[in-house]
Amino acid sequence: MRRLTTDAGTKPIALLGAAALLIAAVLGLLALNPRPALADDLVCGFGPPRSSWVETSVTVAERGHDTPVMTSTTRVGVPRDWPGAAALLGDGSAAGCLLPDSGTDGGTPSVTMSADGAEVVVQSTRETRLDLYGVQGAGESAGLWSSRESGGTRVVTLLPGLGAMPSGLTGARWRTVVVKTPESRARTVTPLPSEVLPGGTYVWRDGAAPPRVEVALPLSPRAAFQRWSELRGQHVLMVATCLGFTLPYLLLAGLLVLLHRRSADRDERVLIRITLGALGMITAAEAMLVVGGLTGTLFLAALIGVLDTLAILVVGAPLCVAVWGLWRTGLRRGVPLLAGAVLAVAGSLAILAARALHSAPWDPLWAASAVATALLLTGAAWAIAVRAARVRGRTPRAVRVLLCWSVPGLALLTLAYVAHAAVVGLRTTGSLPDEATSPYFLLRGLAYLMWPLVVLLLLLLLRLHGRRTDSVGPSTVWLLVFLFVVGTIRWLNTYAGMPFPLAGLVGLAALPLLLRLTRRAEVADPGVSRRRLAMIVDECRDLEAREKGLRRRWAAGEVDDEEHTREIGPVVDRIRRLRVEIGLDPGREDGLSPLDVALSRGPGASWWANARLAARYASFVGAPAAVFLIWATWSTDSRGHDGWLDRLGDPNGFYGLAGDLIGGLLIWPVAGFVLGALWRRLPGRRGYLKGVVPVLAYAAATGAHAVLNNVIGQAPVRGSLVRVLLLFLVLTVVAVLMDARTLQTRPGGLASRLTPVAVVYRLGTAGSGIALIVAQAAAVLGLWSQLRNGIDITSQVDTSAQAPISADAQVLLGRVDR
């Protein structure tokens, strides 16, 4: 009895041991088998063809902005009498027997007949983005190829390890296998290729079985740094992101603090404090991220809703303070506005608390909190702008008109941002993303679109300076420099995955340096009105021409000395009286003419008047350029994909498009304003030369960004030259219109306004007009050549130089059959 019990207890153990040995034996046989595993024949009901051939290639290269892409092209030929050939030629249902994935990026695989009609050829192209930030050892597949990254090396192999090889390729002859690595030199290549072609191309030919191709590619230093900063250097990346966004704002805040300490004007000090508060609101989201990340409390703060609560308070506090300030300045309905602001903030916090208590993820409360924060941000921007504009009396009419259009636009923008994030999140992941549910992430995303508020506040500060003085002082120059950088240069750029405001910092350094190198003394105030000065210029030009003609006749002997003295005396006396009237040396020993005085002073009575007029001209002249920039931005994204719908398919695509839209509209009036404000300090006795300095500063900033991209092997920036040429064209036309306004002596149409300046520029003769024509023609020619070559002005990749997706087939089609 005891023996039977013992045998019954040891029997299961023996069975488990036998099963383990059997499994080990099967695995060992599979490991010794040199052929890859084939897919189950039940998947393909036609069975493998009696003979077939395979040609496949893969290209690993970067496309767009730091996007490594693996593109594979596979061609399979099967006999016409194979049972699945009819299905291939029909609906293509048998493609799954021959290809690991019957779909392509552009649709179904292409099926064609050979020239002699004996074979059916199936071709498929797959493209897969290789993620630098994935888990070590995880791989991506594209057709018959796979890639994995480990230890700073990317390994590309034939036959993906994530799935089995199609059963229809059993016994197929592998005529050509190609690996192309045009941007990096392979570290190891196994087995030994049949051919090695230029451009990092490795070819294997005529294999009875699929070669076990494995190519190891080293990651570039930039790609390795990107991976390190994302996976192991989170704190470094977090601090760099914060500095990349806030550093120009911090420099501006330092300038404002210095001005606040030195200013004795109470209104200016109030406006500076308002601007500092707006800068604090904009940069608060990034500051919270850094503090939470460095202290290790970020996850817990997000889990219990601390970040969302702080985000609402960050927006709500400036709103309440600004509305309270409006009430103190005597704004009607100030008390109801203040009460409404407090209730709005309290309601947003209540919605957040109710969402925490009600945990259903599909409840509208999850999106209501973000919507409420978006509307609070709109209200805060409006209240700050109105409060800043009412520092001296009533709100200016120009600001009122601007707010009537911009505030509804900002509200729609914020709501569209939430809606877009929700739609993209539900479509891609099936859940609401953080931007649609979290006030903090919403604020962090929209903070990148709040720089127009900073531009408005800087303009209001400059308005106070313009009322106080007629000359541009050092503090005014620095405010103009920051206005130029904020309004025309999008300062946050990414280099090898690390944000850094290189373009903005170069702009902040280049414009003051150019102003110092080309500095010229301002011409003294002539003490007459613009129209009287224009009449003096016109009369002096006629008198000087008459004087020159009389001297020429006297030198030629046509008149004697007495007649010459009698005729030229009144002319010289009149010129002397006119010069004295505008404060010039009557003997003309100072080297200045009334024309020089007029063109150097500009059409405005002060630098502020010049700035306003130039901004107005630039808004109209830059309208076609703005439409062109926006169209180009919305037609192609940074990876060369056509269509703004493709860009909106990216979770971050909406505010990228919104930023391009705002930048495309705002760059021209801001650049024109800076040109007019610095008009009297810029070099050149003709207006079209004065735009060279701001254009050079813009070119230096964008050029530094493009150069660094090329140096570190990042995707080259192709659009900088086009933007520089457009800015040069617009500012040149604005300068000509400014000169025309300066020389205008009577009301009239555009033709009558341009006639005096055409005479002054001496168009049609060898003079300054030739330089203007040559410069404009060169700019137009450069712009046309860029566009003719198909270079997208907003893309960081030359789409015309990109090889089509099916270009790898050219190597396969150029084979030599054996």
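1. Disulfides and cysteines. A search of the whole structure, which is a predicted model, finds 0 disulfides. A disulfide is a covalent bond between the sulfur atoms of two cysteines. Two cysteines may be noted for their surroundings. Cys-242 has a relative accessible area of 12% and is therefore buried, being under the 20% cut-off. Cys-404, at 57% relative accessibility, counts as exposed, because the cut-off for that class is over 50%.

2. Salt bridges across the chain. The structure holds 16 salt bridges. One of them pairs Asp-81 with Arg-50, with 3.2 Å between the closest N and O atoms. This pair links distant parts of the chain, 31 residues apart. Asp-81 sits in the loop between β2 (68-79) and α2 (83-89), while Arg-50 sits in the loop between α1 (2-32) and β1 (53-62). Both Asp-81 and Arg-50 are exposed.

3. The pair Arg-601 and Asp-525. A salt bridge also forms between Arg-601 and Asp-525, whose closest N and O atoms are 3.7 Å apart. Arg-601 belongs to helix α18 (residues 594-601) and Asp-525 to the loop between α15 (502-517) and α16 (530-555), so the salt bridge ties together parts that are 76 residues apart in sequence. The partners may be set side by side for exposure: Arg-601 counts as buried at 10% relative accessibility, whereas Asp-525 counts as exposed at 53%.

4. A salt bridge inside one helix. Glu-547 and Arg-551 form a salt bridge in which the closest N and O atoms are 3.1 Å apart. Both residues lie in helix α16, and the 4 residues that separate them amount to about one turn of the helix. Glu-547 is buried, with a relative accessible area of 7%, and Arg-551 is partly exposed at 43% relative accessibility. Elsewhere, Glu-55, Arg-75 and Arg-175 are joined into one network by salt bridges that share partners.

5. Nonpolar surface patch. Phe-299, Leu-300, Leu-303, Ile-304, Val-306, Leu-310 and Leu-313 form a nonpolar patch on the surface; together they have about 700 Å² of accessible area. The elements giving two or more residues to this patch are α6 (298-303) and α7 (306-328). Leu-313 is in helix α7. With a relative accessible area of 39%, Leu-313 is partly exposed; this value fits its place in the patch, because patch residues must have over 30% relative accessible area.

6. Positive surface patch. Five arginines, Arg-332, Arg-333, Arg-394, Arg-397 and Arg-400, form a positive patch on the surface. Among them, Arg-394 is located in the loop between α9 (365-389) and α10 (397-428). The relative accessible area of Arg-394 is 68%, so this residue is exposed.

7. A buried position in helix α23. Which class of exposure applies to Val-722, buried or exposed? At 0% relative accessibility, Val-722 counts as buried. The residue is found in helix α23 (residues 720-743). The C-alpha atom of Val-722 is separated by 9.1 Å from that of Ala-779, which is 57 residues away along the chain.

Key:
Residues are numbered from 1 along each chain as its sequence is written. This is a predicted model: local features need pLDDT of at least 70, side-chain atom pairs count only at pLDDT 80 or more; totals for chains, interfaces and linings use all residues. Side-chain values use heavy atoms; hydrogens and water are left out. A disulfide is a pair of cysteine sulfur atoms within 2.5 Å. Buried means under 20% relative accessible area, exposed over 50%, partly exposed in between (1.4 Å probe, protein chains only). Patches are made of residues with over 30% relative accessible area and no salt bridge: like charges are joined within 9 Å, nonpolar side chains (Val, Leu, Ile, Met, Phe, Trp, Tyr) within 5 Å. Accessible areas come from the Shrake-Rupley method with a 1.4 Å probe; for residues, only the protein chains shown count as cover. A salt bridge is a side-chain nitrogen of Lys or Arg within 4 Å of a carboxyl oxygen of Asp or Glu. Lys and Arg count as positive and Asp and Glu as negative; His and the chain ends are not counted. The place of a charge is taken as NZ of Lys, CZ of Arg, CG of Asp or CD of Glu.
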